Amino acid sequence: MFERGVRECYFFMFQLCHSNTNAQTQVRALTRKFNLSKTLDLESVVKSCPRTFTGADFYALCSLALMTAIKRSVKMAQDQDEEKTVRNKDECGVCVEQQDFTVALSRVTPSVSREEIAHYRSLREKFSNGT
């Protein structure tokens, strides 16, 4: 019974994005329902992320970028209301831009350090050799 628990615990290891392609796939999946700016370059966003980002870190990055875009859109709407200008339908939507990801990236820190990654890799190697 203890042996089974150890095996189940082993499968609980986090997954790092080992390549930019893998990370881009994750970010595209996380932002698939976002209204993204046509000028947004997700490849440059991913390249600017630390190599220690996990899936949870990319989720935090995308969520924070969306929240930044929402706040910016609300502020723009409030400013326009004060000026009593008429907005069209396109101006009322929330569009996530490059600057939103830049702000989000400055606020998100990796959830694991390089030392922790090295420790987890050594554990994986230690326990995978026995099975």
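**Helical organisation, core packing and charged pairs**

R28 is partly exposed, its relative accessible area being 48%, a value that falls between the limits of 20% for buried and 50% for exposed residues. This residue has its place in helix α2. The C-alpha atoms of R28 and L42 are separated by 7.9 Å, although the two residues stand 14 positions apart along the chain. The coordinates analysed here are those of a predicted model.

Other residues of helix α2, which spans residues 20-30, are buried, namely A23, Q24 and V27. These residues lie on the same side of α2, because the arc that they cover around the axis is only 100°. The general geometry of the α-helix is relevant here: with 3.6 residues a turn, residues three or four places apart point the same way. Q24, which lies in helix α2, counts as buried because its relative accessibility is 13%, under the limit of 20%. With residues up to four places away in sequence not counted, Q24 touches E43 and V46.

At the level of the whole chain, the secondary structure consists of 7 helices and 0 strands, and reading along the sequence gives the pattern α-α-α-α-α-α-α. The chain has 131 residues, of which 25% count as buried. Its accessible surface amounts to about 9500 Å², and 55% of this area belongs to carbon and sulfur atoms. Among the contacts with a separation of 6 or more, 81% are accounted for by residues 24 or more positions apart.

The interior was examined next. In soluble globular proteins, nonpolar side chains tend to be buried together. In the present model, the largest nonpolar core comprises 19 residues, and the members that touch the most other members are V27, C49, F53, F58, L61, V96 and F101. At least two residues of this core are supplied by each of α2, α3 (42-47), α4 and α6 (98-107). Helix α4 provides the largest share, with 5 residues. V27 thus appears both among the buried residues of α2 and among the core members with the most contacts to other members.

The surroundings of V96 were also listed. With its neighbours within four places in sequence left aside, V96 is in contact with F34, N35, L36, S37, L40, A65, L66, A69 and F101. L105, located in helix α6, has contacts with S48, C49, P50, F53 and L61 when its neighbours within four places in sequence are likewise left aside. L105 and F58 are 47 residues apart in sequence, whereas their C-alpha atoms are 9.5 Å apart in space.

Turning to charged side chains, the search of the whole structure returned 4 salt bridges. One of them joins the side chains of E97 and R72, with an N to O distance of 3.9 Å, a value within the 4 Å cut-off. Distant parts of the chain are linked by this pair: E97 belongs to the loop between α5 (89-92) and α6, R72 belongs to helix α4, and the two are 25 residues apart. E97 is partly exposed because its relative accessible area is 28%, whereas R72 counts as buried because its relative accessibility is 19%.

R72 also meets D100 in a salt bridge between their side chains, with an N to O distance of 2.6 Å. Since D100 lies in helix α6 and R72 in helix α4, this pair ties together parts that are 28 residues apart in sequence. D100 has a relative accessible area of 1% and is therefore buried.

A further salt bridge is formed by D79 and K75, whose closest N and O atoms are 3.4 Å apart. Both of these residues lie in helix α4, where their spacing of 4 residues corresponds to about one turn of the helix. D79 is partly exposed, as its relative accessible area is 31%. R72, E97 and D100 are joined into one network by salt bridges that share partners.

On the surface, M67, I70 and V74 form a nonpolar patch whose accessible area is about 230 Å² for the three residues together. V74 is found in helix α4, which covers residues 55-82. With a relative accessibility of 42%, V74 counts as partly exposed. Helix α4 accordingly holds V74 of the surface patch, both residues of the pair D79 and K75, and the largest share of the nonpolar core.

Key. Residues numbered from 1 in each chain as written. Predicted model: local features only at pLDDT ≥ 70, side-chain atom pairs only at ≥ 80, totals over all residues. Heavy atoms only, no water. Patch = residues over 30% accessible without salt bridge, like charges linked within 9 Å, V, L, I, M, F, W, Y side chains within 5 Å. Areas by Shrake-Rupley, 256 points an atom, 1.4 Å probe, with all protein chains shown as cover. Buried < 20%, exposed > 50% of the residue type's maximum accessible area, 1.4 Å probe, protein only. Arc of directions from axis to C-beta. Contact = heavy atoms within 4.5 Å. Core = buried A, V, L, I, M, F, W, Y, C linked by side-chain atoms within 4.5 Å.
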